[in-house]
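Reader: Hi! Could you walk me through this model before I set anything up?
Author: Happy to, here it is.
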2 protein chains.
Amino acid sequence: MTHSYAIGIDIGGTNTDMGLVREDGTIIARSNIPTNAYTELVPYVHDIIGCISKLMKDNNVDKIDGIGIGAPNGNFYTGCVDNAPNLTIKGVLNFEEEMHKYMDVPVVLSNDANAAAYGEMVYGGAKGMNHFIMFTLGTGVGSGIVVDGKLVHGSTGGAGELGHNILIPEGRQCSCGRKGCLETYTSARGIVQTFCELRAANGPRDVKEGWIPDTVKDSDVTSKMIGDAANAGDPIAIATYEKTGYLLGIAIANSVTFSAPEAIFLMGGPTKVGEPLLKPLRESFEKHLLNIYEGSCNIRMSQLKANEVAILGAAALIKMKQ
Amino acid sequence: MTHSYAIGIDIGGTNTDMGLVREDGTIIARSNIPTNAYTELVPYVHDIIGCISKLMKDNNVDKIDGIGIGAPNGNFYTGCVDNAPNLTIKGVLNFEEEMHKYMDVPVVLSNDANAAAYGEMVYGGAKGMNHFIMFTLGTGVGSGIVVDGKLVHGSTGGAGELGHNILIPEGRQCSCGRKGCLETYTSARGIVQTFCELRAANGPRDVKEGWIPDTVKDSDVTSKMIGDAANAGDPIAIATYEKTGYLLGIAIANSVTFSAPEAIFLMGGPTKVGEPLLKPLRESFEKHLLNIYEGSCNIRMSQLKANEVAILGAAALIKMKQ
């Protein structure tokens, strides 16, 4: 049997992860280089191409369908990464053009959250769905929106930034310069801030095993710690997720009024806590969902593995040019 | 020269307006029947068909490309009107099937705001645009969203209800049963409520010519009166539009994070006031727009005439099946 293959590349500020992906969503082999060792596009792409060639040769693959790249500020329309603040290679980087100097295959870029959404559609829990939205919770909150079976890129390529929907007018300061964005409340950082605020309002307390002691400074609290504490019964950690779930539920219900999706998918570290987040989230979602959508949309967890989603999502992007 | 024609039908709770529309967006002739004189679909459609036949005969048109219908709860996918609360004909009404008993042409339904958006694209200011959003301000707030040159209907047909985006969590009571929806602040009713709240907080006052005197009861205030008063310098009316524009600007900036549209179009009675609304709206929009969209999207007024948009929008819908 003959298989078809694609390359998925996940460009992060620190590392660039590459994978050779079979059409059934199996990552056959991986490779990586340190992104932050480069300050110029030409040697960076040269070395990426070296890795791709080696991945193909080592696995007796002589042909690939294309190269998909998930990158911060990756632009689907231009094939460029546009001034990504967290990359050491500065400026507008034309990956498509640079890669075409070596390989005559489709090169498709999009941002990480869009790639994750597309990966879910091609390889994960959104197979066969024409309308869904992916929310990625991490340091920030990203999103990828699929309408009529296609990723929404919008007029600029920058569509799907629901983490920067203003949920609370004049609310928390966001790193984008504005106030009250969804991600200031439901990103890992936002969850930590909520915990610290609730803890301060509560005053000193005695803690049981597994709770977060008062001796842990605000700056040392992580969302992982809050998740573990919530599952150990820490009432302040539980209250933190109740607020987080409540607010995320409103934001997700709001997103449904846009595209009436079949499902909302969630992924990312802060979702791993499970029921302490998911129970108030579902309750808030049901309470805040406009009645005409009742029963037509539900919240699901990504079906892709955390350590595979970035490469699979990137590889999936090339399906948009097939 | 041979022209092509379509029929546009605007179904309202009181009247059903029909128009014979030439492909250049000229309404050649109109007709109407009272919607609320009917309690059954069969005689209602029978009489609509009678009007259509007469419109065609009177104007020597022997062939139409299709019939487009803008209706509350009009469903693009099913060709039905689904339990519209403001119609005297109750239940799920299969217009497409019933009309096909008489005429073998495409019959396309959608809701009023979607039709308005599509009309703007086919005949108005959004010609040639692939990504835009229409907000219709009236008794409520509706929206129609165009992505990649197509109306977004979503998985159910009910996409594009941005008037029911929750803008202020736990805010004003909405007729949908939830709280804080955009339309509770920026519909005609919402604007009246804001005026009455600001007036009550202000206390008794002396008014100048054109202002709204205290003798006008809350229940008699209309958004048209507030608009006229604002243009006559009434400070409470002006403050009303400042709040309205501020909130609508946030909502519109939020909508941009979804689909990165080229433009946002506005239409409807409350927008007619002009600068008292538009100035604070633009300022709020610019302040609340995520920086990556700066310069790529602006706010525009619908280019269709208020008394033509419903029929033109409905007629435009058939382009989706051509």
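Author: A definition to start: copies are superposed by least squares on the C-alpha atoms of residues with pLDDT of at least 70 in both, where pLDDT is the predictor's confidence in each residue, from 0 to 100. This is a predicted model, in which local features need pLDDT of at least 70, side-chain atom pairs count only at pLDDT 80 or more, and totals for chains, interfaces and linings use all residues. Residues are numbered from 1 along each chain as its sequence is written, while chains are lettered from A and ligands numbered from 1 in the order in which they are written.

Reader: Thanks! What turn and shift lay chain B on chain A?
Author: A turn of 180 degrees with a shift of 0.0 Å along the axis, giving an RMSD of 0.0 Å. The two copies are thus related as by a two-fold rotation axis. The same surface serves both, as 100% of the contact residues of chain B recur in chain A.

Reader: And how many residues of each chain are in contact?
Author: 36 residues of chain B are in contact with 36 residues of chain A, counting two residues if their C-beta atoms, placed from the backbone, lie within 7 Å.

Reader: Which element of chain B gives the most to that side?
Author: Helix 7 of chain B, with six residues. Helices (H or I, at least four residues) and strands (E, at least two) are DSSP runs, numbered from the N terminus.

Reader: Cool. What about domains, how is chain A divided?
Author: Into domain 1 (5–122 + 307–321) and domain 2 (129–301), with bounds from an automatic or database domain assignment. Their C-alpha centres lie 28 Å apart in chain A. The contact takes 15 residues from domain 1 of chain A and 14 residues from domain 2 of chain A. On the domain 1 side, helix 3 (residues 112–123) of chain A gives the most, with eight residues.

Reader: Switching to helix packing: at what angle do helix 7 and helix 8 of chain A cross?
Author: Helix 7 (residues 235–259) and helix 8 (residues 275–288) of chain A cross at roughly 35 degrees, and their axes come within 7 Å. Axes are lines fitted to C-alpha atoms, for helices over the stretch in contact, and angles run from 0 to 180 degrees between N-to-C directions.

Reader: Which residues meet there?
Author: Among them are A:Ile238, A:Tyr241 and A:Leu248 in helix 7 of chain A, and A:Leu277, A:Leu281 and A:Phe285 in helix 8 of chain A.

Reader: Last one: what confidence does chain A average?
Author: Chain A averages a pLDDT of 96, and 100% of the residues score at least 70. For the complex, the predictor gives an ipTM of 0.95 and a pTM of 0.95.
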